[in-house]
Amino acid sequence: AALGPAIVAAYLDHLEAAPDFPRLIARAVLDGDPIVLAIARDQLRPLVAMAAAFGPVEHSDQWLLTVFGAAVAPYLYREMIWEALGTDPLSDTNQARRRAHLETLIALATTKETP
C-alpha cells in the first residue's frame, strides 16, 4: 500500500513541474491523436492493471479515476476553479492541501473497510 502514495507524489511532482501537460494531453485526446491513444493503450493500461496491487481495493479502477481526476482537474480547470473558489488551485498552499487529501483517499482505499 505504501507504493500508492509514492506514485501519486511522483505524478503530482510531474504536474507541478509541467503544469501545461494535462491541457496538452487533453487536447490531443480530444483531437483523437493516435500517438497519445497508443500511449494510453500500450503504456498506461499495464499501470492501471497494477492498481489492484495497492491493497484490498474494491473497484480499484474507480479509485484510480478518482485520484487521477483530483490530481489533474486543478490544471485543466484552473481559471474556472479560481473564480468559483476565489483562490488559485495551483498555489503552493492548495497543492500541499491536495497532496494531503489524495494521501487520505489512498489510505481509505487501501483499508479493508472501503466505503
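## Salt bridges, a nonpolar patch and a cavity in a predicted model

E79 has a relative accessible area of 46%, so it is partly exposed. Partly exposed means between two cut-offs: buried is under 20% relative accessible area and exposed is over 50%, with a 1.4 Å probe and protein chains only.

This is a predicted model, in which local features need pLDDT of at least 70, side-chain atom pairs count only at pLDDT 80 or more, and totals for chains, interfaces and linings use all residues. Residues are numbered from 1 along each chain as its sequence is written, and side-chain values use heavy atoms, with hydrogens and water left out.

**Salt bridges**

The structure holds six salt bridges. Each is a side-chain nitrogen of Lys or Arg within 4 Å of a carboxyl oxygen of Asp or Glu. Three pairs are listed here.

| Pair | Closest N to O distance |
|---|---|
| R23 and E79 | 2.5 Å |
| D31 and R27 | 3.5 Å |
| D88 and R78 | 2.6 Å |

Take the salt bridge of R23 and E79. This pair links distant parts of the chain: R23 sits in helix α2 and E79 in helix α5, 56 residues apart. Helices here are DSSP runs (H or I, at least four residues), numbered from the N terminus. R23 has 34% relative accessibility, so it counts as partly exposed.

Y77 is also close to this region in the chain: it lies in the loop between α4 (60-76) and α5 (78-85). The C-alpha atoms of Y77 and R23 are separated by 9.1 Å, while the two residues are 54 apart along the chain. Y77 is partly exposed because its relative accessibility is 43%.

D31 and R27 form another salt bridge. D31 reaches 54% relative accessibility and therefore counts as exposed. R27 is partly exposed, with a relative accessible area of 46%.

D88 pairs with R78. The two are ten residues apart and link distant parts of the chain: D88 is in the loop between α5 and α6 (92-109), and R78 is in helix α5. Is D88 buried or exposed? D88 is buried, because its relative accessible area is 12%. R78 counts as partly exposed, at 27% relative accessibility.

Salt bridges also build a network, which links D13, E16 and R99.

**The nonpolar patch**

Which residues form the nonpolar patch on the surface? They are F21, I25, V29 and L37, with about 290 Å² of accessible area together. Such patches are made of residues with over 30% relative accessible area and no salt bridge; nonpolar side chains (Val, Leu, Ile, Met, Phe, Trp, Tyr) are joined within 5 Å, and like charges within 9 Å. The areas come from the Shrake-Rupley method with a 1.4 Å probe, and for residues only the protein chains shown count as cover.

Helix α2 (residues 21-30) gives the largest share of the patch, three residues. L37 is found in helix α3 (residues 34-50). L37 counts as partly exposed, at 39% relative accessibility.

**The cavity**

The structure holds one cavity of 30 Å³ or more. A cavity is a set of points on a 1 Å grid over the protein atoms alone where a 1.4 Å probe fits but cannot get out; lining residues have an atom within 4 Å of a point. About 40 Å³ of space lies in the largest cavity.

Its lining consists of P5, V8, A9, L12, R99 and E103. α1 (3-17) and α6 each supply at least two of these residues. α1 gives the most, with four. The lining divides into four nonpolar, no polar and two charged residues.

Conventions: 1 Å grid on protein atoms, 1.4 Å probe; cavity = no way out; pocket = protein on both sides within 12 Å on 5 of 7 lines; lining within 4 Å. Points joined across faces, edges and corners; volume = space filled by probe spheres on them. Nonpolar A, V, L, I, M, F, W, Y, C, P; charged D, E, K, R; others polar.
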